[in-house]
Amino acid sequence: MMNDLELFRDEIRLWTLKQLNHLGFGHYGGSLSIVETLAVLYGKEMNVTTENFKEIDRDHFILSKGHAGPALYATLALKGFFPMDTLFTLNQNGTTLPSHPDRNLTPGVEMTTGSLGQGISVAVGLATSLKLSGSTHYTYTIVGDGELNEGQCWEAAQFAAHHRLNRLVVFVDENKKQLDGWTKDIIEPFDLAEKFRSFGFWSTKVDGANMEAIHQAITEGKEQTEKPICIVLDTTKGQGIPYLEEKEANHHIRPSEEEVDIIRQAIEQLEKKVSGSKKEAGR
């Protein structure tokens, strides 16, 4: 199963890069840092499919850090929500894939996000509704560490803990950078796992590049039955692509001609890796 997830992860990373490089600019850093988590959620944890998406009684996912939309789009395309070629229309006139996710445009998108803090708040409301209806399904959301500068996030956390929304799973993408620089220089986040714990969550911190660790944390969180779950992901902006990991300003990138070539080489390496994995699997 992990081999399948590794292939899925590599395909998400590949198609995230391909659509952004085709566009010529975009949110490379924060899209790449959530690839492993999306692979675990859509490849193993959630029961969300093209067939059941219009049903309410199922698992739900909200990307609160909406600027990472390209990674979500790659994931949804690979899951069959729309053709792969649609990815090359990212953020262009008439597209169904705007810069930030729009539930009215993109198949598979639960919530229109981009205004930071709103996604986690809606996820909490959705989890509340499911609990009141007696549903056993889970609501998952990914917030950014920079996004947690928004007070609205902590209001949502207080509500979730008070109402014991034990089927709410909040991932914090702690890639340590935001639009204006390092999070520690803008507003020191301190220990985010401890913060959520103090708010009444079951909370832990894991290597956000390790899918086994992510899956294990989800499993452990679900084994406790009274509290909402927070999993802090120790990630790197630009994760999985060494050049982008090391680039200082890697939140939103408009690559130079030289950088386009570097990223193209990374795409070619991923294409070879994906092709080799598929051959080994007999696909």
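**Note on salt bridges and helix faces**

1. D173 has a relative accessible area of 0% and is therefore buried. The model discussed here is a predicted one, and the values quoted for D173 and for the other residues should be read with that in mind.

2. The partner of D173 is K65, and the two side chains form a salt bridge whose closest N and O atoms are 2.6 Å apart. The pair links distant parts of the chain, since K65 sits in the loop between β1 (60-63) and α4 (69-78) while D173 belongs to strand β3 (residues 168-174), a separation of 108 residues. K65 counts as buried because its relative accessibility is 1%, where the cut-off for that class is under 20%.

3. The pair formed by E36 and R13 is a further salt bridge, with 3.1 Å from N to O. E36 is part of helix α3 (residues 35-45) and R13 is part of helix α1, so this contact ties together parts that are 23 residues apart in sequence. At a relative accessibility of 4%, E36 is classed as buried, and R13 is likewise buried, with a relative accessible area of 4%.

4. Which residue does E11 pair with in a salt bridge? The partner is K278, and the closest N and O atoms of the two are 3.1 Å apart. Because E11 lies in helix α1 (residues 2-23) and K278 in helix α11 (residues 257-280), the pair ties together parts that are 267 residues apart in sequence. The two ends of this salt bridge fall into separate accessibility classes: E11 is buried at 12%, whereas K278, at 30%, counts as partly exposed.

5. The pairs described above belong to a total of 14 salt bridges. R9, D10 and K273 are also joined, in their case as a network of salt bridges. As background, side chains of opposite charge can pair when their charged atoms come close.

6. For residues 253-280, an unreviewed UniProt entry gives the feature "coiled-coil region". In the model this span is 86% helix and 0% strand, and its end C-alpha atoms lie 35 Å apart. The annotation comes from the record, and such annotations may be inferred rather than shown by experiment.

7. Helix α5 (residues 118-132) has 15 residues, which at 1.5 Å a residue should span 21 Å, and the end C-alpha atoms are indeed 21 Å apart, so the expected and computed spans agree. Its buried residues are G119, I120, A123, V124, L126, A127, T128 and L130, and these pack against β1, β2 (139-144), α6 (151-162) and β3. Following α5 comes G134, which has a positive phi near 85°.

8. Helix α9 (residues 211-223) passes the corresponding check, because its 13 residues should span 18 Å at 1.5 Å a residue and the end C-alpha atoms are 19 Å apart, which agrees. Its buried residues are M211, I214, A217, I218 and G221. They cover an arc of only 125° around the axis, which means that they lie on the same side of α9. The face turned away from that buried side carries the exposed residues E212 and E223. At the N-terminal end of α9, N210 acts as a cap, with a side-chain oxygen placed 3.0 Å from the backbone nitrogen of E212.

Conventions. Residues numbered from 1 in each chain as written. Predicted model: local features only at pLDDT ≥ 70, side-chain atom pairs only at ≥ 80, totals over all residues. Heavy atoms only, no water. Helix = DSSP H or I, 4+ residues; strand = E, 2+ residues; numbered from the N terminus. Expected span 1.5 Å × (residues − 1). Buried < 20%, exposed > 50% of the residue type's maximum accessible area, 1.4 Å probe, protein only. Arc of directions from axis to C-beta. Polar contact = N/O pair within 3.5 Å; in protein donor to acceptor, adjacent residues only side chain to side chain. Salt bridge = Lys/Arg side-chain N within 4 Å of Asp/Glu carboxyl O. Contact = heavy atoms within 4.5 Å.
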